[in-house]
Amino acid sequence: MLLGITSLCIGSTLGILAGLGQTTSTGTCSAIAGAAGLQVGTAMIALYSFFLLLQLLILRRDFHPTRILQLVPVWFQGMILNYFRYDFPPFQALHPTSYGEKFALFAVGMVLISLGFTMVKCANFLNYPPESFCTLMAQRLGIRFGTCKIALDFVYVLTTLTICWAFSLDFGIVREGTLIFAVCNGMLINFFQPKIERLFGCLCPAPQP
């Protein structure tokens, strides 16, 4: 899980530095960070904690305390993301100028994000609050998880644009890269998943009966 989170954070940082548009969730975190004067990882912790609060409001008495553990990977990701975004010297030296350099940086970041997400998913350790919220809403509304996730991505984009407009932030957070990632992310995850599952199976074989 930690290896996947690290890959996610490196990819997110490269995507931010590329400046061609961020993923839907990272874009919202960047907008919140710009509006509130926070670091982007700290804004991510706040945003994902909000999704845990929504689960509490929906479930009420059925809310199991173990759901609080969803904040464990969130905290790790927030701290690691802040490190790579603000304190990791090699990344601070990256200043892409041409469109080709920016797109290359974006492409590497996109691959690392998809790889990291696949690792976290295959680790099957803890869910993130937004994904748990989507699962809960899908069950309550009788719809597929993927449909709920797509709806959440639209909400992310609308929220990001609204924050950028309200606080006069750069609308470059949502650009062509956001659309490219939305299209390619699923394909990359489908590409990586069987390979990661085989790797995890070799490293952690199932116990013999």
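Which helix holds both Asp153 and Lys149, and how many residues apart are they? Both lie in helix α8, 4 residues apart, about one turn of the helix. Keep in mind throughout that this is a predicted model.

**Stop 1: the pair in α8**

Select Asp153 and Lys149 and show their side chains. They meet in a salt bridge, 3.3 Å from N to O. Side chains of opposite charge can pair when their charged atoms come close. Now switch on the surface. Asp153 is partly exposed, with a relative accessible area of 21%. That value sits just above the burial cut-off, because buried means under 20%. Lys149 is also partly exposed, at 22% relative accessibility.

**Stop 2: the largest pocket**

Stay where you are. Asp153 and Lys149 are also among the residues closest to the centre of the largest pocket. The pocket encloses about 1,400 Å³ of space. Add Phe117, Glu131 and Asn185 to the selection to complete the group closest to the centre. The whole lining runs to 49 residues.

Next, colour the helices. Which elements each supply at least two residues of this lining? They are α1, α2 (24–36), α3 (40–59), α4, α6, α7 (129–141), α8 (145–166) and α9. Then colour the lining by residue class. It has 25 nonpolar, 18 polar and 6 charged residues.

**Stop 3: the second largest pocket**

Move to the second largest pocket, where about 180 Å³ of space lies. Begin the selection with Gly15, Ile16, Gly19, Leu20, Gly21 and Gln22, which are among its lining residues. Add Ser30 and Gly34, also part of the lining. Finish with Leu169, Asp170, Gly172 and Ile173. Two elements, α1 and α2, give two or more residues to this lining. By class, the lining divides into 4 nonpolar, 7 polar and 1 charged.

**Stop 4: the cavity**

Keep Gly15, Gly21 and Gln22 selected; these lining residues of the second largest pocket are also among those nearest the centre of the largest cavity. Add Thr23 and Ile113 to complete that central set. How many cavities of 30 Å³ or more does the structure hold? The count is 1. Its volume is about 70 Å³. Rolling a probe the size of a water molecule over the atoms shows where empty space is left.

The cavity lining comprises 13 residues. Show α1 (2–18), α6 (99–123) and α9 (176–203): each supplies at least two of them. Helix α6 gives the most, with 4 residues. Colour the lining by class again. There are 5 nonpolar and 8 polar residues, and no charged ones.

**Stop 5: a nonpolar patch on the surface**

Turn to the outside. Select Leu2, Leu69, Val72, Trp75, Phe76 and Met79. Together they make a nonpolar surface patch of about 520 Å². Which helix gives the most to this patch? Helix α4 (residues 71–87) does, with 4 residues.

Zoom in on Trp75, which has its place in helix α4. Trp75 is partly exposed, with a relative accessible area of 48%. Phe76 lies in helix α4 too. Phe76 is partly exposed, with a relative accessible area of 31%. Both qualify for the patch on accessibility, because the cut-off is over 30% relative accessible area.

Now draw a distance from Phe76 to Leu2. Their C-alpha atoms are separated by 7.9 Å, although the residues are 74 apart along the chain.

**Stop 6: the end of α2**

Jump to Ala36, in helix α2. Is Ala36 buried, partly exposed or exposed? At 49% relative accessibility, Ala36 counts as partly exposed. Draw another distance here, from Ala36 to Phe167. These two are 131 residues apart along the chain, and their C-alpha atoms are separated by 9.5 Å.

**Stop 7: the other salt bridge**

The model's salt bridges come to 2. One of them is the Asp153–Lys149 pair from the start. For the other, select Arg175 and Glu176. They form a salt bridge in which the closest N and O atoms are 3.0 Å apart. Show the surface once more. Arg175 is partly exposed, with a relative accessible area of 34%. Glu176 is partly exposed as well, at 29%.

How values were computed. Residues are numbered from 1 along each chain as its sequence is written. This is a predicted model: local features need pLDDT of at least 70, side-chain atom pairs count only at pLDDT 80 or more; totals for chains, interfaces and linings use all residues. Side-chain values use heavy atoms; hydrogens and water are left out. On a 1 Å grid over the protein atoms alone, a cavity is a set of points where a 1.4 Å probe fits but cannot get out, and a pocket is an open set with protein on both sides within 12 Å along at least five of seven lines; lining residues have an atom within 4 Å of a point. Grid points are joined across faces, edges and corners, and a volume is the space filled by probe spheres set on the points. Ala, Val, Leu, Ile, Met, Phe, Trp, Tyr, Cys and Pro count as nonpolar, Asp, Glu, Lys and Arg as charged, and the others, Gly among them, as polar. Patches are made of residues with over 30% relative accessible area and no salt bridge: like charges are joined within 9 Å, nonpolar side chains (Val, Leu, Ile, Met, Phe, Trp, Tyr) within 5 Å. Accessible areas come from the Shrake-Rupley method with a 1.4 Å probe; for residues, only the protein chains shown count as cover. A salt bridge is a side-chain nitrogen of Lys or Arg within 4 Å of a carboxyl oxygen of Asp or Glu. Buried means under 20% relative accessible area, exposed over 50%, partly exposed in between (1.4 Å probe, protein chains only).
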